[in-house]
Amino acid sequence: MIRKHVPLVVLLATLLSLAAVATGGTATAGTTTAARQTLQLVIASITPDLPKEPATEIRVSGTLANTGTEALTGLRYRLRYSAQPFARRADMTAYLSGQEHVQPGGLRDESWLQQPLAASAKLPWEFVFTPQQLGLYRFGVYPLTVEVVDAAEQKLAVQRTFLTYLPKGTKIPRASRTRLAVVLPVIDQPHRADDGALLDEDLTAGLAEGKRLDDLLKTAQGVSSAKGVTWVVDPALLDDVRTLGRAHRVKAGAETVSRPADAAATRWLGALRTALADSPVVATPYADPDVAALAHNGLDGTTRKGVAAAARTGREILGRDVATDVNWPVGGVIDHDGLDVLAVAGVRSVLLSEANLPPAAPTATVPGAVAQPPATTPDAVATLQSVSGPVQALVADPVLSDIVGATASSPDWALLNRRRFIAETAMISAEPVTGRRTVVAAPPRRWSPDPAYVTGLVETAGSLPWLSPATLDAVKPGKVVTPRAGLTYTPQDRSRELGKKYLTGVRRVGERANLATSVTHVTPDAPGDDSGRFDLALLRLASSAWRDRARAAEPYVEQLRSTVDGRIDQVRIVGGEQAEQIRTLAGEDGEVPISVRNERRGSGSTVAVRVRVTSQKPGRLRIEPYEDRMVISGGQTQTVRIPMTITGASGGQTSVTVQLTTDDGRAYGQRVKLTVRSTGYTGIALVIAGAALLVMLAAVGLRVLRRRGARRAATATPPRRASVPAGTES
């Protein structure tokens with residue numbers, strides 16, 4: 001235990017330090033800088049978390065490591081503190097940043113390191129004291145600093161933390177406890193463009209042991225029984241994992257390969273469903289779209305579709321209803337345009353950052369003085385007005401949110417963040433306010449949690465006597481309303497949205513998708529409306545995951561565009577792929593057959609299209625009225641006969657264009673050009689044929705007459721009598 005002072009060593013070290021200062025400040029400064037870079041001071045343990053007795057023994061221990069290549073000498077440990085508690089949370093932040101005016105002033109204990117700290121060596125240290133020894137006597141948060149200095153009093157390493165003291169007998173009425181709502185997200189990026197193949201192997205990798213999605217599951221399992229936790233889940237992630245858990249296809253370079261069902265995906269989804277079974281779950285709109293960007297680019301309806309799809313998909317996969325009337329805009333930032341879009345889609349509460357809805361700064365009482373921010377923590381609940389009426393705003397506390405979302409940055413990061421969480425929440429409850437308040441903690445939406453850390457933090461929150469866990473659906477406005485400055489949406493916020501160029505491309509794909517589905521024919525005998533076939537895919541393209549990553553989204557856009565174009569091409573004019581089609585009319589009028597092929601299969605395969613034929617020279621080739629609407633079943637071909645009439649000069653050729661259209665007149669598929677030829681000789685041919693017929697008939701008649709005349713002549717001539725030879729008469 002490092003509390004034993006050695007006077008002789010202290011005196012010798014002091015003399016050495018004076019000599020060092022007198023004989024060359026430059027060398028000393030260089031040595032000090034090197035020492036700062038090679039010393040690592042770690043606080044490994046502080047017990048107990050919350051001392052309650054004046055004589056409770058508090059132990060602060062850790063290690064000091066020399067990461068350099070040279071031994072360090074003349075080192076001293078110090079424990080500094082203050083018997084005066086912090087008055088404001090802002091002072092706590094300033095203290096952690098090293099601002100001198102809030103540094104602890106008391107020196108509790110110090111000890112020399114009696115031997116050199118060798119290169120790559122690590123030594124333990126420990127301080128033991130009681131609240132009474134530090135002069136602590138009331139509930140509050142106190143600074144506690146561990147320092148390592150050299151013989152010249154230069155600070156080589158510093159660790160700052162907090163000591164929260166709750167003397168036994170301190171009354172914290174239940175009605176005055178701070179309500180704490182913790183929001184934990186399960187959100188990722190899309191992994192499919194359309195409902196077909198996965199575009200990468202990232203989802204499989206993320207589900208592996210120790211990876212991000214696996215850590216999210218372990219976190220959910222760790223806090224499954226905790227109170228006051230609300231989960232925000234993107235149903236698109238669950239949908240992608242469900243796809244992975246079945247026989248599926250994956251893009252592998254230029255090819256698409258078939259894969260069997262992934263058992264790990266099925267286990268993950270089942271375990272998550274179990275872990276969230278008893279916790280409130282809020283669903284983001286499907287694929288977590290960038291609502292603000294959609295509102296600013298005229299794509300308002302996309303958000304409404306996303307909310308509806310989230311409710312449907314969440315219910316299918318989790319086996320329970322999920323809330324969709326609470327929305328967490330990306331970054332916790334929205335403007336009034338986006339708020340109106342959300343309100344129209346049925347959202348009644350929004351989770352915002354404090355920067356987006358800051359407290360109203362009090363007016364300066366002295367002319368020319370700068371207005372100071374509120375000295376106390378504002379209530380998280382506020383009310384905003386939208387085109388659909390009032391919307392409740394829940395403002396996340398920035399410090400608590402950072403603590404919950406903290407990740408490893410040093411060996412003692414978890415301990416120091418947990419102690420700050422205890423201190424910050426204690427400070428909130430100790431603030432001189434009337435009325436009960438709510439605070440909300442929400443880490444970044446695509447965080448990478450440490451399951452053990454988050455689980456321990458939530459358990460700690462549930463054990464603190466000044467906190468009352470609350471879920472988002474239970475949060476209500478307090479009796480004392482905190483004035484807010486209104487929605488603050490800066491040019492920087494606007495610049496972070498999905499870009500106009502990118503969303504213009506998404507809009508065009510969406511228009512093509514609408515065209516592809518608009519020809520589906522739905523009747524009681526032919527069910528299968530696929531009008532929303534591409535809605536989920538378009539939502540994936542609008543995901544906030546593509547902010548600052550438009551290049552990463554390009555394969556998704558191209559894949560969906562290819563799928564949509566393929567869907568359109570399944571209904572086409574037969575022979576349309578030929579460079580030239582020729583039809584011949586045998587006269588001045590006739591019918592030209594045009595066939596349409598429907599290669600769609602399955603549900604929603606029956607289509608209804610119209611055939612529009614346009615003459616390039618109406619004065620010469622006229623299209624007569626015809627029934628232009630065709631209803632074609634999947635896998636079938638139908639033919640319509642187009643009546644045409646040639647006028648004007650005889651013979652020659654002209655062109656017509658054939659275009660399929662939707663019922664509302666939009667062009668569908670490729671236009672086909674036909675060349676129509678006409679001999680133009682129909683009248684002359686009839687005259688010739690008639691004359692030939694008359695000649696033939698005359699010839700036939702003459703032949704008949706000749707034959708009849710010959711027979712008559714033969715009948716009129718008497719028969720010649722036969723001659724008798726002489727001498728034969730009797």
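Axes are lines fitted to C-alpha atoms, for helices over the stretch in contact, and angles run from 0 to 180 degrees between N-to-C directions. Helices (H or I, at least four residues) and strands (E, at least two) are DSSP runs, numbered from the N terminus.

The model is predicted: local features need pLDDT of at least 70, side-chain atom pairs count only at pLDDT 80 or more, and totals for chains, interfaces and linings use all residues. Residues are numbered from 1 along each chain as its sequence is written, and side-chain values use heavy atoms, with hydrogens and water left out.

**Exercise 1.** Describe how α7 and α10 pack.

Step 1. Helix α7 covers residues 235-244 and helix α10 residues 300-318; their axes lie 9 Å apart at an angle of about 45 degrees.

Step 2. Angles under 35 degrees count as roughly parallel, over 145 as roughly antiparallel, 65 to 115 as roughly perpendicular and the rest as oblique. The pair α7 and α10 is therefore oblique.

Step 3. On the α7 side, P235, L238, D239 and R242 make the contact (heavy atoms within 4.5 Å). Their counterparts in α10 are A310, T313, G314, E316, I317 and L318.

**Exercise 2.** Determine the strand order and the edges of the sheet containing β19.

Step 1. The open sheet has four strands, ordered β19-β21-β25-β23, with antiparallel pairing (at least two DSSP bridges between two strands).

Step 2. β19 (571-573) and β23 (621-623) each have a single partner strand, so one side of each lacks a neighbour in the sheet.

Step 3. From one strand to the next, the twist averages 35 degrees.

Step 4. Three bridges join β19 to β21 (residues 589-598) in the antiparallel sense; I573 stands opposite V596 in β21.
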